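The following exercises concern one structure and are each followed by a worked solution. Please keep the sequence and the coordinates at hand while working through them.

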Amino acid sequence: MPPDSGVMANTGEILAVRGLNVSYGASKVLFDVGLSVAPRQIVACVGRNGAGKSTLLKSIAGFLKPDSGAISSGPTRLVGLKSYEIARMGIKYIPQDKKVFSDLTVRENLELGSYASKDYNWDRITDYFPRLKQLMDRKGGYLSGGERQMLMIGRALLGSPKVLLVDEPAEGLAPSIVAHLKDVFGELSKNTTLVLVEQNLPLVCAIASKVYGLKEGRIVAKLADRESIKPDVCERYL
Amino acid sequence: MMNAIRWWWGLLLAFSLLAASRAFLPLPFVNEVVIFSIYTMGCSFLLGRVGFISFGQPAYLAAGAYGTAFYLFYFGTDPYVGILVGILSGLAVSGIVGPLFVRLRSDYFALVNLALAVIFYYLMQKVLADITKGDNGLWFLTRMSSTPVLDISTPSHFFVFAFLVALAVWAFYKYLDDSIFGACCLATKINEDKLEFLGYSNYRVRLLAFIIANTTTALAGALYAVYLGFVSPEITSPHRAPDPVVVTILGGTGTLYGPLVGAFAYTGMKDVISKLIGNWELFIGFLLVFIMLAGEKGIWGTLQPRLEKLFSGRKDRTAAGDGAEARR
């Protein structure tokens with residue numbers, strides 16, 4: 001039986017996925033996937049390209065409709081809710097492609113996030129990412145990959161989300177920015193739960209308190225103690 | 001702040017020029033430019049901000065025009081009330097079809113709107129001929145009562161009224177452009193999924209944009225009805241469906257002044273060229289092909305960066321300025 005599959009939700013869970021099956025047309029991508037995420041935990045999913053990591057996050061975020069299975073946050077069932085309804089509940093998805101609204105400035109991008117979440121306090125965001133302060137009037141299309149990632153994370157932080165679903169945050173970024181993200185994620189986890197999909201094992205092993213190994217759409221391993229979360233162990237699932 | 005002041009001054013300058021043009025251009029021409037620019041504003045907003053091309057604008061124009069015409073022909077004589085009825089008619093039609101249409105992809109959206117224009121045409125020409133008087137149309141010019149202060153049943157007073165309405169419409173769209181809603185519209189055009197991830201419903205953003213744009217179109221229809229004192233099915237003729245799209249592209253898609261510039265250029269060319277050659281649409285066709293091949297910016301889209309450079313030339317253009325200004 002896959003880890004966490006078919007098990008009743010723990011009372012302390014902020015996000016629970018049970019027996020999730022997802023297909024793209026006739027092609028099945030996720031098979032009976034289960035996750036259990038506690039509040040203020042950093043949970044990482046590692047796996048090769050095509051293992052179904054992004055599909056898992058998109059399904060939680062309401063962007064994909066599962067064939068079967070359950071996704072819940074506390075007492076609320078997420079399957080069947082629209083993606084914007086899930087976002088309003090405080091479960092924010094940060095996609096992999098690092099594309100912000102290119103024709104809008106950084107300020108306008110943040111304003112969009114502020115209006116939706118009714119949170120107009122940007123101090124926390126600029127504390128995490130001081131660089132954004134200098135870029136407020138620059139259009140999204142003229143930002144570097146790292147700056148766009150900062151903006152996407154900063155924008156998602158508005159409204160103090162309870163869960164951040166972050167899809168490959170370190171992909172294509174310079175090591176110095178990845179190091180900065182590592183610190184930011186560490187800080188964020190004091191108040192927010194993070195579910196990361198990532199192939200950067202040093203980052204995962206530095207911050208994650210639980211790691212799921214995904215292979216060909218199935219959860220094949222769960223590393224739940226810090227001692228076992230090591231790059232050489234995680235590498236087996238890449 | 002300075003940027004905002006500059007744009008408001010720009011708006012006033014543009015409309016001052018339009019008002020001044022009344023001194024040396026024929027009244028019917030400037031009246032048509034003003035109404036056409038309002039007609040195009042909704043189409044430009046849909047295409048430039050939301051990313052929806054609509055070939056069915058004559059349907060919403062007709063909703064406004066016939067709403068006004070029915071009131072003035074059958075029920076009352078006050079043209080202001082007639083215009084209000086026209087606006088409400090457009091609001092009702094877009095409120096009924098909007099929830100269905102905005103779910104469609106942009107290409108199907110264009111076609112379903114064209115289909116609506118065809119439906120309206122045949123409804124007004126044949127199915128409802130008993131009340132629309134078919135091709136003969138509804139004549140109510142002499143039924144309109146004089147109104148105090150601005151007697152809009154007279155062309156010269158109508159120009160002042162239409163001019164003020166156009167100014168208000170422009171100010172409203174300028175406000176929309178700068179608002180969160182304007183940013184949402186642009187965001188849904190750029191990447192609809194990401195807007196949902198922020199907690200917005202694409203459907204609601206598009207529906208509201210659709211209703212606003214087409215109610216503006218209906219307002220233009222109501223103004224046409226009062227100005228001409230006559231409405232016939234020709235106003236919703238499908239072969240005139242591309243007109244607002246052509247004027248939008250000609251002026252500069254999604255730009256604030258594009259509809260005004262486009263309406264001026266289109267109406268001007270139509271008037272001038274049609275006196276020289278019979279098939280003036282042929283010239284417009286070639287011009288559009290040229291504009292597309294030259295970078296799809298339209299007249300205002302091409303002039304704007306040059307004018308900005310001219311007026312703010314000596315200032316160092318920071319990245320900050322680039323970001324804020326390039327939206328216009």
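**Exercise 1. A strand and its partners**

How many residues of strand β8 (residues 193–197) of chain A are buried? State also which strands pair with β8(A).

Solution. The model is a predicted one.

Step 1. Five of the five residues of β8(A) are buried, and the strand is thus mostly covered.

Step 2. In a regular strand the side chains alternate between the two faces of the sheet. In β8(A), Thr193(A), Val195(A) and Val197(A) point one way, Leu194(A) and Leu196(A) point the other way, and all are buried.

Step 3. Strand β3 (residues 42–46) of chain A runs parallel to β8(A) and is joined to it by four bridges. In this pairing Cys45(A) stands opposite Val197(A).

Step 4. β7(A) also pairs with β8(A) in the parallel sense, over five bridges. Here Val166(A) is the residue opposite Leu196(A).

**Exercise 2. An open sheet**

Determine the order of the four strands in the open antiparallel sheet of chain A, and identify the strands at its edges.

Solution.

Step 1. The order is β2-β1-β4-β5 in chain A, with antiparallel pairing.

Step 2. β2 (27–37) and β5 (76–77) of chain A each have a single partner strand, so one side of each is left without a neighbour in the sheet.

Step 3. Seven bridges join β1 (residues 15–24) of chain A to β2(A), and Tyr24(A) stands opposite Ser27(A). The hairpin of β1(A) and β2(A) has two residues between the strands, and Gly25(A) takes a positive phi near 60 degrees there.

Step 4. β1(A) is paired with β4(A) over four bridges, with Val17(A) and Ile71(A) as bridge partners.

Step 5. β4 (residues 68–73) of chain A is joined to β5(A) by two bridges; Ser72(A) has Arg77(A) as its bridge partner.

**Exercise 3. Positive phi outside glycine**

Locate Glu168(A) and Lys133(B), which have positive phi values although neither is a glycine. Is each buried or partly exposed?

Solution.

Step 1. Glu168(A) has a phi near 45 degrees and is found in the loop between β7 (163–167) and α7 (175–188) of chain A.

Step 2. A residue counts as buried if 20 or more other C-beta atoms lie within 10 Å of its own. Glu168(A) has 22 such atoms and is therefore buried.

Step 3. Lys133(B) has a phi of about 65 degrees and is found in the loop between α6 (129–132) and β1 (138–139) of chain B.

Step 4. Lys133(B) counts as partly exposed because it has 17 C-beta neighbours inside 10 Å.

**Exercise 4. A helix and its buried side**

Compare the expected span of α5(B) with the distance between its end C-alpha atoms. Then describe where its buried residues lie and what they pack against.

Solution.

Step 1. At 1.5 Å a residue, the 22 residues of α5(B) should span 32 Å; the end C-alpha atoms are 30 Å apart, which agrees.

Step 2. The buried residues of α5(B) are Phe109(B), Asn113(B), Leu116(B), Ala117(B), Phe120(B), Tyr121(B) and Met124(B). They lie on the same side of α5(B) because they cover an arc of only 140 degrees around the axis.

Step 3. The face turned away from this buried side carries the exposed residues Asp107(B), Tyr108(B), Lys126(B) and Val127(B).

Step 4. The buried residues of α5(B) pack against α3, α4 (79–101) and α6 of chain B.

Step 5. Two packed helices are described by the angle between their axes and the distance between the axes. For α3 (residues 57–75) and α5 (residues 106–127) of chain B, the angle is about 40 degrees and the axes are 8 Å apart.

Step 6. From α3(B), Pro58(B), Ala59(B), Ala62(B) and Tyr66(B) meet Asn113(B), Leu116(B), Ala117(B), Phe120(B) and Met124(B) of α5(B). The residues of this contact of α3(B) with α5(B) comprise eight nonpolar, one polar and no charged.

**Exercise 5. The contact between the chains**

How many residues does each chain contribute to the contact between chain A and chain B?

Solution.

Step 1. Chain A contributes 26 residues and chain B contributes 21 residues.

Step 2. On the side of chain A that touches chain B, α2 (83–88), β6 (91–94) and α3 (106–117) of chain A each supply at least two residues. The largest share, seven residues, comes from α3(A).

Step 3. The residues on this side of chain A divide into eleven nonpolar, five polar and ten charged.

Definitions and conventions. Residues are numbered from 1 along each chain as its sequence is written. Chains are lettered from A and ligands numbered from 1 in the order in which they are written. This is a predicted model: local features need pLDDT of at least 70, side-chain atom pairs count only at pLDDT 80 or more; totals for chains, interfaces and linings use all residues. Axes are lines fitted to C-alpha atoms, for helices over the stretch in contact, and angles run from 0 to 180 degrees between N-to-C directions. Two residues are in contact if their C-beta atoms, placed from the backbone, lie within 7 Å. Ala, Val, Leu, Ile, Met, Phe, Trp, Tyr, Cys and Pro count as nonpolar, Asp, Glu, Lys and Arg as charged, and the others, Gly among them, as polar. A residue is buried if 20 or more other C-beta atoms lie within 10 Å of its own, exposed if 12 or fewer, and partly exposed in between; C-beta atoms are placed from the backbone. The expected span of a helix is 1.5 Å times one less than its number of residues. The arc is that of the directions from the helix axis to the C-beta atoms. Two strands pair if DSSP finds at least two bridges between them.
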